[in-house]
Amino acid sequence: MLGHVGINVPDLGVATASYGPLMPLLGYEPFVTTENAVAFMPAEGRRGAYLFFYQATEDGTYSRERTGLQHLAFIVPTRGAVREVHEYVTGEWGTILHPPQEWPQYPPPYFATFWLDPFGIMLEAVCHHDRE
């Protein structure tokens, strides 16, 4: 099982402000905040990977097309939760790649939305159930 993922970002303040309200919609809660990092853990004692954001110490730009992180997918329990995340992201972030929809090219059921975070990292909320 994956323990945690660490991502360097060019502006930790922007990451904190952006991810803070989003992570509860994805089933995460705050874990730790320091001068150089903010982290989230699976909520309500659930098992899963923790997510850490660190202040980058070197300049550079991210691209999901280069070697490295391509995207992060968050499993949510219902299709309604996928839609709720989409509505939040549309109002707050605005860079939607794909609205909530079924993806028949993946093992069914697969219902997901994709968007970009403020740093260009592609994120996904996915439900692997038919339930609303």
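Buried residues, meaning those under 20% relative accessible area with a 1.4 Å probe and protein chains only, make up 39% of the 132 residues in the protein. This is a predicted model, in which local features need pLDDT of at least 70 and side-chain atom pairs count only at pLDDT 80 or more, while totals for chains, interfaces and linings use all residues. Residues are numbered from 1 along each chain as its sequence is written, and side-chain values use heavy atoms, with hydrogens and water left out.

The protein has 2 helices and 8 strands, taken as DSSP runs (helices H or I, at least four residues; strands E, at least two) numbered from the N terminus.

In helix α1 (residues 12-22), the buried residues are L12, A15, S18, Y19 and L22. Seen down the axis of α1, they fall within an arc of 135°, judged by the directions from the helix axis to the C-beta atoms, and so line one face of the helix. Their cover includes the elements tabulated here.

| Element | Residues |
|---|---|
| β1 | 4-9 |
| β3 | 37-42 |
| β4 | 50-55 |
| α2 | 79-92 |
| β7 | 111-116 |
| β8 | 122-127 |

A nonpolar core is a set of buried Ala, Val, Leu, Ile, Met, Phe, Trp, Tyr and Cys residues joined through side-chain atoms within 4.5 Å. The largest has 29 residues, and Y19, L22, L26 and F53 have the most contacts inside it; α2 gives the most to this core, with 5 residues. L22 touches V85, Y88, V89, W93 and W115, not counting residues up to four places away in sequence, where contact means heavy atoms within 4.5 Å.

Methods. Buried means under 20% relative accessible area, exposed over 50%, partly exposed in between (1.4 Å probe, protein chains only).
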